[in-house]
Amino acid sequence: ATAQSGERIVAVVNGDVITTGDVASRAKLFALTTGLPVTPEIIARLRPQIAKQLVDERLRLQEVQRRKIVVSDQEIATAINEIEQRNSMAKGALNGSLGNAGVGLRTLIDQVRVQLGWTRVLRQELGTRAEISDADIADQVKVFEASAGQPEYRVGEIFLPVDEPGKQGDTLRFADTIIAQLRRGAPFPVMAAQFSQSQTALQGGDLGWVRSGQLDPPVAAIVPQMPDGAVSNPIAVAGGVT
């Protein structure tokens, strides 16, 4: 099949088409933030995971639209400005960098729109369960008292979901690509904002200061062994890789 623009169709999500052009634009965005060269070989290596991410985002966007959730342009602009601030970039510099790499700002806007909208979907779904009660506060105070004196760690995460057990290998290879670029100096907040599928993505993956007991057991076993600023190897956790 061929899209109207002449691009090949990669996937159709409930009638919405994802083309090779969409995948290439996201791959260029990835390359821009990691320093990878934008070559056919690089795009081919990234295509399976990026295509999967675009499908997931399209499904989330359709649910956002079904619930008639509106994400304003101002909210998107604020989120992009926060990404720039976390990476010591001047306001508007990200747009210029994207343009120089041949990537339309729309590629980033669409991604941020989904992230903001999906956060609201989850809040709606949780409803009153998301409200903090006096009992919740009391329980948390007990936790703090019991863990007084225990070390805390400032942790960042990039979570990649694994929806099918047979696809874990693809996810691990993609995680290895991300980790390699992080270790070469790619900015963690931008990488997290682009690729993490957890709710910390818009905060650049920042979990804040946490104790071991607040982390997934496999992560809690690794974090105390990590030097400051280190990036771990991929860690298998419930539902995916982090």
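This note concerns the internal cavities of a predicted model.

1. Number of cavities. With a lower limit of 30 Å³, the model contains three cavities. The two discussed below are the largest and the second largest.

2. The largest cavity. The space inside the largest cavity amounts to about 130 Å³. Its lining is made up of 15 residues, and those closest to the centre are R60, Q115, S196, S198 and A201.

3. Elements around the largest cavity. Two helices, α2 (40-66) and α5 (105-126), each provide at least two of the lining residues. The greatest contribution is that of α5, which supplies five residues.

4. Character of the largest cavity. Nine of the residues lining the largest cavity are polar, four are nonpolar and two are charged.

5. The second largest cavity. A volume of about 60 Å³ is computed for the second largest cavity. Its lining consists of Q49, K52, Q53, D56, L160, P161, F174, F195 and Q197. Two or more of these residues come from each of α2 and β4 (160-161). The largest share belongs to α2, with four residues.

6. Character of the second largest cavity. Here the lining comprises four nonpolar, three polar and two charged residues.

7. An element common to both. Helix α2 deserves attention when the two cavities are inspected together: α2 supplies at least two residues to the lining of the largest cavity, and α2 also gives four residues to the lining of the second largest cavity.

Key: Residues numbered from 1 in each chain as written. Predicted model: local features only at pLDDT ≥ 70, side-chain atom pairs only at ≥ 80, totals over all residues. Heavy atoms only, no water. 1 Å grid on protein atoms, 1.4 Å probe; cavity = no way out; pocket = protein on both sides within 12 Å on 5 of 7 lines; lining within 4 Å. Points joined across faces, edges and corners; volume = space filled by probe spheres on them. Nonpolar A, V, L, I, M, F, W, Y, C, P; charged D, E, K, R; others polar.
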